[in-house]
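Work through the exercises below with the sequence and the structure side by side, and try each task before you read its solution.

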Amino acid sequence: MTGSTGNIGSELVDALASSGEPVRALVRKPPASRRDGVEYVTGDLDDPASLAPALDGAAGVFLLPGYRDMPGVLTEARRAGIGRVVQLSGGSAGSGDMTNAVSRYMIITERAVRDSGLPWTILRPAAFMSNAFRWLPQLRAGDTLRLPFANVRAAAVDPRDIAAVAARALLRDGHAGQIYHPTGPESLLPAEQVAVLGEVLGRDLRFEPQPDDEARAEMSAQMPVEYVDAFFDFYVNGSLDESVVRSTVQDVTGGPPRTFRQWAEAHAPAFA
C-alpha cells in the first residue's frame, strides 16, 4: 500500500488488515505506532529501485499518482510479479487536457499504468469529504468559515468509501480494465456542508463566500502557481464537474456511501 498514512491509504490498510489480509505498507520511515497485521517497509515512489523490497512477494498494489517516474514504478511492479494494480487518479484525467497541471499528472499516471502490461483498475473519485479538515484553523478562530468557490457543488466522497472500492478491486476478480468514479450520495454546496458540520458540532457556524482574488492570493502562498491556475480552471472556468452523484460505491461494494453528515459525525472529535 502506498500512501498508507494518508486519507485513503490509511483507510485501505485498516480495511484489509481488519479482514485478515496480509498488508505491507510503504513508508518513508517506520512509524512510532504500528498497526497489528501490517508490515512496514521503507521506500520512495520517486526512486523506483527502492521499491523492490516492498513489492517482493506482493499480489497487488495500491498506487498514488503523480510521481516523477511512474513508468519506472510500474516496471518494478511488473518485475516483482504484481498481479493487480489499483491506481488512484482524478476526475479531470478524462479531459485529456495537458495544459492543466493537475490533469496532466493524472493523465501521465494513467498512461503509465495502462502501458505497464499489468491488470489495472483506475479510481477517479470526486472531491474528498476530508477536505473539510482544511477548515480547522478558521474553526479554532471562530464560527465563520470563509471559503472559495461558493457556487460549486460537489458529490464529495468519504475516503473510507474510496478505500472500500479499492479493496474490492485488489481482492476480487472482475475489476481489471475498469475506471471507477466513487462519489458520495449527495451533491452539496460549501455552505450546505458548513451547515451540516455546524449541526453535528452543535455550533452556529456561518459561511462567507471568499472572493476569487482573495482565494487566489491565499492559495498562491501555499502551492505553485500552475496548481492554483489548475484549480481555478476546474472551479471558476468550470472545466471539472464533480456534482454528479454516481452509484459506483454501491455497485462495487454492495453498500451505500456515507453522507457528509455521517462523515462529520465519525470525525467530530477532530473538530473539537
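**Exercise 1. Decide whether I107 is buried or exposed, and find out which residues it touches.**

Solution. Keep in mind throughout that this is a predicted model. Begin with the relative accessible area of I107, which is 11%. Buried means under 20% relative accessible area, so I107, at 11%, is buried. Next, place the residue in its element: I107 lies in helix α4. Then look for its partners, leaving out residues up to four places away in sequence, and you will find that I107 touches A93, G96, D97 and M98. Finally, compare sequence with space for one chosen pair: I107 and G66 are 41 residues apart in sequence, while their C-alpha atoms are 9.1 Å apart.

**Exercise 2. Decide whether T109 is buried or exposed, and list its contacts beyond four places in sequence.**

Solution. First locate the residue, for T109 also belongs to helix α4. Its relative accessible area is 0%, and T109 is therefore buried. When the neighbours within four places in sequence are set aside, the residues in contact with T109 are P65, G66, M70 and Q87.

**Exercise 3. Work out the strand order of the open sheet and name its edge strands.**

Solution. Start with the order, which in this open sheet of four strands is β3-β4-β5-β7, with parallel pairing. The edge strands are β3 and β7 (178-180), since each of them pairs on one side only. Neighbouring strands in this sheet are turned against each other by 15° on average, when direction is ignored.

Now go through the pairs in turn.

- Strand β3 (residues 60-63) pairs with β4 in the parallel sense over four bridges, and V85 in β4 is the bridge partner of V61.
- Strand β4 pairs with β5 (residues 120-123), again in the parallel sense and over four bridges, and the bridge partner of L88 is L123 in β5.
- Strand β5 pairs with β7 in the parallel sense over three bridges, and here L123 stands opposite Y180 in β7.

**Exercise 4. Explain why strand β4 is largely enclosed, and follow the chain into and out of this strand.**

Solution. Look first at burial: four of the five residues of β4 (residues 84-88) are buried, so the strand is largely enclosed by the rest of the structure. Then trace the path into the strand, where the chain crosses from β3 through helix α3 (residues 70-79) to β4 in a right-handed β-α-β crossover. Continue along the path out of the strand, where the chain crosses from β4 through helix α4 (residues 101-115) to β5, and this β-α-β crossover is right-handed as well.

To complete the picture, examine two helices that lie across the strands. Helix α4 lies across β4, β5 and β7, and runs at about 165° to β5. Helix α6 lies across β3, β4, β5 and β7, and runs at about 160° to β4.

**Exercise 5. Describe how helices α8 and α9 cross, and which residues meet there.**

Solution. Consider the axes first: those of α8 (residues 212-220) and α9 (residues 225-235) come within 9 Å and cross at roughly 145°. The handedness follows as a second step, and α8 passes α9 in a right-handed crossing. Then list the residues on each side, where D212, A215, R216, M219 and S220 in α8 meet V228, D229, F231 and F232 in α9. Sorted by class, this contact has five nonpolar, one polar and three charged residues.

**Exercise 6. Find out which residues F232 touches, and describe F149.**

Solution. Start with F232, which lies in helix α9 and is buried, with a relative accessible area of 7%. Not counting residues up to four places away in sequence, F232 touches F149, D212, A215, R216, M219 and N237. By contrast of topic, take a distance as well: F232 and L118 are 114 residues apart along the chain, and their C-alpha atoms are separated by 35 Å.

Now turn to F149, one of the residues that F232 touches. F149 is found in the loop between β6 (144-147) and α6 (159-171). Its relative accessible area is 13%, so F149 is buried. As a last step, check the backbone, where F149 has a positive phi of about 55° although it is not a glycine.

Note on methods: Residues are numbered from 1 along each chain as its sequence is written. This is a predicted model: local features need pLDDT of at least 70, side-chain atom pairs count only at pLDDT 80 or more; totals for chains, interfaces and linings use all residues. Side-chain values use heavy atoms; hydrogens and water are left out. Buried means under 20% relative accessible area, exposed over 50%, partly exposed in between (1.4 Å probe, protein chains only). Two strands pair if DSSP finds at least two bridges between them. A crossover is right-handed if, with the strands pointing away from the viewer, the path from the first strand over the helix to the second runs clockwise. Axes are lines fitted to C-alpha atoms, for helices over the stretch in contact, and angles run from 0 to 180 degrees between N-to-C directions. A crossing is left-handed if the near helix is turned anticlockwise from the far one by less than a right angle, and right-handed if clockwise. Contact means heavy atoms within 4.5 Å. Ala, Val, Leu, Ile, Met, Phe, Trp, Tyr, Cys and Pro count as nonpolar, Asp, Glu, Lys and Arg as charged, and the others, Gly among them, as polar.
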